[in-house]
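Let's take a friendly walk through this model and see how some of its helices meet. Keep the structure open beside you as you read.

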Amino acid sequence: MFESPLFWLFAAPGLLLGFYAQSRIKLNYMKYSQVATASGMTGAEVARHLLDAKGLRDVRIETTPGMLSDHYDPRGRVLRLSQEVYYTPSVTAAGIAAHEAGHALQDADDYFPMQVRSFIVPLVQLAAKIAPWVFFGGFVLGNEGVAWAGIILFGAQTLFTLVTLPVEFDASARARNLLTAHGIVTQKENIEGLDKVLGAAAWTYVAGAVSAVGSLLYLVAIAIGSRRERY
Ligand SMILES: [Zn+2]
């Protein structure tokens, strides 16, 4: 697989974007975790303030171990922030905390792309488990229909990465608006820093989607190539 030029053709854009996103995250997260916000609020305080302002007092905020492990859990209605974000009064912490609060607001607003994403999660998890078996099973059995069924199952994951894009972009847009409207991030250079932190996170989701589309196209190319070999 790895010596196939076709594989690299489809995989390269996603891989390159992934490296680019990672380098931007490392650079900007570190840089702006050293820059204090005017408000002096920690990530946890920022999230609490923004949630309360929207009447979401019942959404809990907890710490969670690990770097970049921050997330909103819609089932438990809990916002979990990494230690670094929870306790630090920095531009990075404010940006990440507000982004996660943005997901809680999406949930409260019944934001449609988020509903679609939540709806397809169990489907995608099941498809991810069986897709490789079905795809390679199709090849072993020499059954083209089964192989294509495997590709469609892989496609569920691709669809998930695509639906993730509007959800993430919207959470970051909400974060930026709220942080500036509430006077938590004010100075021009801090707002620029905020944009870089949120932008770096957005690139990782774009890289994920491009990788998923690339992988899917690669499988399609294999399936079509094997058909040519047989006839
Ligand atoms: Zn997010």
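**How the helices pack**

The crossing of α2 and α4 is right-handed. This is a predicted model, so please read everything below in that light.

Two packed helices are described by the angle between their axes and the distance between those axes. For helix α2 (residues 43-53) and α4, the axes come within 8 Å and cross at roughly 35°. On the α2 side, the contact is made by Gly-43, Ala-44, Val-46, Ala-47, Leu-50 and Leu-51. Facing them from α4 are Ala-93, Ala-94, Ile-96, Ala-97, Ala-98, Glu-100, Ala-101 and Ala-104. Sorted by character, the residues of this α2 and α4 contact are twelve nonpolar, one polar and one charged.

Stay with α2 for a moment. Its buried residues are Gly-43, Ala-44, Val-46, Ala-47, Arg-48, Leu-50 and Leu-51. They pack against α4, and also against β1 (60-64), β3 (78-82), α3 (83-87) and α6 (144-181). Just after α2 you will find Gly-55, which takes a positive phi of about 75°.

Now turn to the other partner of α4 described here. How do the axes of helix α1 and helix α4 cross? Helix α1 (residues 5-33) and helix α4 (residues 91-108) have axes that come within 6 Å and cross at roughly 115°. The two helices are therefore roughly perpendicular to each other. Tyr-29, Tyr-32 and Ser-33 of α1 meet Val-91, Thr-92 and Ala-93 of α4. In this contact of α1 with α4, four residues are nonpolar, two are polar and none is charged.

Terms used
Residues numbered from 1 in each chain as written. Predicted model: local features only at pLDDT ≥ 70, side-chain atom pairs only at ≥ 80, totals over all residues. Axes fitted to C-alpha atoms, helices over the stretch in contact; angles between N-to-C directions. Helix = DSSP H or I, 4+ residues; strand = E, 2+ residues; numbered from the N terminus. Parallel < 35°, antiparallel > 145°, perpendicular 65-115°, else oblique. Contact = placed C-beta atoms within 7 Å. Nonpolar A, V, L, I, M, F, W, Y, C, P; charged D, E, K, R; others polar. Left-handed = near helix turned anticlockwise from the far one by under 90°. Buried ≥ 20, exposed ≤ 12 C-beta atoms within 10 Å, placed from the backbone.
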